[in-house]
Amino acid sequence: MDVSPILSPLNDAQRAADASMAHSTLVLAGAGSGKTRVLVHRIAWLCQVEGLSPYSILAVTFTNKAAREMRGRVEELLQMPADGMWVGTFHGLAHRLLRAHWREAGLPQTFQILDADDQRRLIKRVLKGLDLDEASWPARQAQWYINGRKEEGLRPEAVGDQGDPVGQQYIRIYSAYEAACRRAGLVDFAELLLRTTELLQGHAELLDHYRRRFRHILVDEFQDTNALQYQWLRLLAGEQSPIFAVGDEDQSIYGWRGARLENLHHFSRDFRDCELFRLEQNYRSTGTILSAANGLISNNQTRMGKSLWTADGEGDPIRLYAAYNEQDEARFVADTVAQWAREGNRRSDVAVLYRSNAQSRVLEEALIAAAIPYRVYGGLRFFERAEVKDALAYVRLTANRHDDASFERVVNLPTRGIGERTLAGLRVLAQERDLTLWTATTQAVDEQAFAGRATKALAGFLELVDGLAQATRSLPLHEQVEHVIEHSGLRAHHGREGDEKAQGRLENLDELVNAARAFNFDPQQHGEMSRLDAFLAHAALEAGEGQGDSWEDCVQLMTLHSAKGLEFPMVILVGMEEGLFPHNMSIADPTRLEEERRLCYVGITRARRHLLISYAETRRQRGAEHYNPPSRFIGELPEALVVSIRPRLAMSRPMASPVAPRRAGAGRDAGDGLQIGTRVLHAGFGEGVVLDCEGDVPSARVQVNFEREGCKWLVLGYANLQRC
DNA sequence: GCGACATTGTTTTTT
DNA sequence: ACAATGTCGC
């Protein structure tokens with residue numbers, strides 16, 4: 001057997017890890033050290049050298065994208081399809097197990113998945129049902145509590161209440177929520193994992209079967225596992241299945257949603273005969289970028305420690321730009337990208353990374369003004385849009401009439417005269433008789449429990465859904481979806497609104513039909529599920545990243561979180577100010593501050609060749625002007641690696657209006673559309689940024705901070721400034 | 001029951 | 001600032 005294609009592209013450390021004979025293997029892989037490559041080649045090694053069938057391999061990732069990439073690369077390396085191999089996200093794999101064993105798991109065959117939004121809405125209803133007012137019991141809080149308990153593997157009855165009334169109330173909420181899910185056949189994300197864990201714990205023969213089947217388990221991004229995922233893995237691996245985990249403590253950025261970095265530290269204790277490998281050679285970035293990353297992360301106290309190095313050269317210094325305000329910063333980004341493109345580079349090789357989504361707006365405006373195409377990642381994805389979810393709710397009801405969450409969503413959409421009063425009556429009825437809303441409605445109609453008009457409306461809704469189910473039963477999937485959109489009245493509903501946004505919603509509905517048409521049903525993966533159920537699960541589990549959007553050469557805009565796992569020749573890290581990054585919510589707590597620092601580390605290590613950092617001295621945040629000092633993280637970079645690309649002037653932070661109040665509107669705009677922060681070109685002084693302006697049009701003066709000459713006041717009528 | 005105004009709370013995100 | 005809710009009058 002020629003193993004050279006598997007091992008020869010690897011360096012010594014990677015090769016040692018991939019050929020490890022230890023029972024458990026933990027690979028601490030720094031950013032850009034070939035993490036995915038090690039996983040892919042390990043699978044190839046197992047198949048070709050140790051002679052395992054792909055059928056007996058289980059590989060777990062956190063995102064669908066990572067799962068797809070892994071499967072693709074394994075197939076490429078092995079030169080054959082790896083159909084039998086289970087590769088997927090924790091949730092995707094758990095879902096698959098639950099579909100295969102719904103009976104043993106105690107679920108209805110048609111169980112539906114709740115996404116985070118569905119879950120919150122359902123919890124809201126449960127809170128109402130318990131007569132708790134929303135002010136003291138916010139749904140978000142309850143959601144956080146419930147998911148937290150599930151991720152600890154705890155059911156309501158297992159949660160210990162220390163006699164504290166708030167805790168007891170939460171336990172009540174948790175119980176009521178569980179009952180609501182059970183009645184309606186609904187499963188939230190955390191439930192997928194918890195239910196699977198319990199399924200395997202409670203059914204020795206099933207556990208035994210899967211333990212025999214999965215002779216080897218691989219896990220990506222191990223630092224992001226939560227307690228339940230860790231438990232799930234231990235259970236599935238048992239004593240006999242070797243486990244191969246890859247992770248990086250310095251890239252743990254999801255602590256706030258339950259990820260436990262400790263899992264990485266406990267690995268060698270909990271999985272027997274463990275061998276540890278470190279990958280520290282980086283193949284991505286220049287020496288400068290790595291030194292900056294190392295310098296920054298060394299400020300974190302709680303780490304095992306690791307230092308990246310590269311055989312590559314030093315490369316460019318890191319450029320630091322002190323913007324006057326957020327508009328100036330955005331313009332700097334646009335200018336930089338324009339310059340980069342002018343030099344013959346691709347715009348898509350540039351990523352602009354920010355801490356929070358709200359920051360994308362100014363950037364987008366500046367890019368539009370400069371006619372630079374861009375693409376924003378994140379935000380709400382296709383299957384999360386309200387109109388799409390509405391349509392899917394109808395479809396879900398045709399598949400499972402008892403899906404209360406979907407029932408509530410569309411029972412009066414478009415409005416058909418079923419109001420809050422009627423609905424409240426229905427809920428009471430359902431509660432009293434322990435029925436789903438659908439059944440309760442059927443009985444209410446039979447018994448004429450409500451006023452004539454309401455009863456008629458309810459009967460109309462029941463008929464509508466039954467009719468939709470009837471009519472679509474034997475249609476192909478996309479025609480089912482199309483039929484439902486048409487005959488539920490949703491299309492007409494959005495058509496009536498007639499504004500620009502409604503147009504977009506209609507397009508999304510069309511796109512949903514397309515998505516249904518394009519959905520490929522894989523009997524091997526979906527087992528005995530119907531095509532429709534498989535599509536609905538797909539919509540819930542894969543929010544629909546790649547939908548739409550052509551492949552134009554676009555600058556990439558995204559949050560630091562969504563940049564994890566990606567790399568770009570040029571990275572611009574914007575908004576590096578105290579309070580923004582590190583975020584205000586995290587500054588006081590050392591643990592969270594360290595996570596912010598890791599987030600910064602992730603951002604820096606995305607860059608291959610060029611790294612630019614900027615901050616704004618003034619920024620409008622939630623309506624008010626803020627003067628945040630530069631981020632402490634800037635100061636933590638080795639000074640020698642950073643150059644300021646515009647010398648900061650003593651005058652660079654002029655005091656704003658409190659000292660010299662101006663007439664409303666004046667002071668913002670010096671006629672000519674020159675606003676504070678506008679970049680201008682002067683024939684003699686070169687380029688600069690408008691800092692201030694005063695007076696009215698004939699004698700207006702502006703203060704400009706020139707790159708070469710410093711700060712000057714100019715009379716607008718004579719200066720002949722050009723915007724640039 | 002429904003549309004027009006006030007109030008509210010604002011990290012990060014995948015599944 | 002601003003979107004996403006909740007309350008009020010018809």
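User: Is the crossing in which H16 passes H23 left-handed or right-handed?

Analyst: The structure is a predicted model, and the answer applies to that model. In it, the crossing in which H16 passes H23 is right-handed.

User: Which residues of H23 make the contact with H16?

Analyst: On the H16 side, the contact is made by Glu-387, Val-388, Ala-391 and Leu-392. By class, this contact of H16 with H23 has five nonpolar, one polar and two charged residues. The residues contributed by H23 are Arg-505, Asn-508, Leu-509 and Leu-512.

User: How are the axes of helix H16 and helix H23 related in orientation?

Analyst: Helix H16 covers residues 386–399 and helix H23 covers residues 500–518. Their axes come within 9 Å and cross at roughly 45°. Angles under 35 degrees would count as roughly parallel and those from 65 to 115 as roughly perpendicular. The crossing angle therefore makes the orientation of H16 to H23 oblique.

User: At what angle do helix H20 and helix H21 pack, and which term describes their relation?

Analyst: Helix H20 spans residues 452–472 and helix H21 spans residues 477–487, with their axes 10 Å apart and an angle of about 150°. Angles over 145 degrees count as roughly antiparallel. The relation of H20 to H21 is therefore roughly antiparallel.

User: How many nonpolar, polar and charged residues does the contact of H20 with H21 have?

Analyst: The crossing of H20 and H21 is right-handed. H20 contributes Leu-464, Leu-468, Ala-471 and Thr-472, while H21 contributes Gln-480, His-483, Val-484 and His-487. By class, the residues of this contact are four nonpolar, four polar and no charged.

User: Which residues of H11 are in contact with H5?

Analyst: Helix H5 (residues 90–100) and helix H11 (residues 227–237) pack at about 55°, with their axes 12 Å apart, and are therefore oblique to each other. H5 passes H11 in a left-handed crossing. The contact involves Phe-90, His-91, Leu-93, Ala-94 and Leu-97 of H5, and from H11 it involves Gln-229, Trp-232 and Leu-233.

User: How many nonpolar residues does the contact of H5 with H11 have?

Analyst: The contact of H5 with H11 has no charged residues and two polar ones. Its nonpolar residues number six.

User: How far is an N or O atom in the side chain of Arg-355 from a base oxygen of DNA strand B?

Analyst: Arg-355 is listed with Arg-381, Thr-415, Thr-559 and Arg-592 as the closest of the 28 residues that surround DNA strand B. A polar side-chain atom of His-91 lies 3.4 Å from a base oxygen of the strand, and an N or O atom in the side chain of Thr-89 is 3.4 Å from a sugar or linking oxygen. For Arg-355, the partner is a base oxygen and the distance is 2.3 Å.

User: Which helix supplies the largest share of the surface near DNA strand B?

Analyst: By class, this surface divides into seven nonpolar, 14 polar and seven charged residues. The largest share of the surface, three residues, comes from residues 420–433, that is, helix H18.

User: What is the class composition of the surface near DNA strand C?

Analyst: The residues around DNA strand C are Lys-124, Glu-134, Arg-361, Arg-622 and Gly-623. Sugar and phosphate make up 46% of the strand atoms that come within 4 Å of the protein. A polar side-chain atom of Arg-361 lies 3.4 Å from a phosphate oxygen of the strand. By class, the surface near DNA strand C has no nonpolar, one polar and four charged residues.

Conventions. Residues numbered from 1 in each chain as written. Chains lettered and ligands numbered in written order. Predicted model: local features only at pLDDT ≥ 70, side-chain atom pairs only at ≥ 80, totals over all residues. Heavy atoms only, no water. Near = heavy atom within 4 Å. Polar contact = N/O pair within 3.5 Å; in protein donor to acceptor, adjacent residues only side chain to side chain. Nonpolar A, V, L, I, M, F, W, Y, C, P; charged D, E, K, R; others polar. Axes fitted to C-alpha atoms, helices over the stretch in contact; angles between N-to-C directions. Helix = DSSP H or I, 4+ residues; strand = E, 2+ residues; numbered from the N terminus. Left-handed = near helix turned anticlockwise from the far one by under 90°. Contact = heavy atoms within 4.5 Å.
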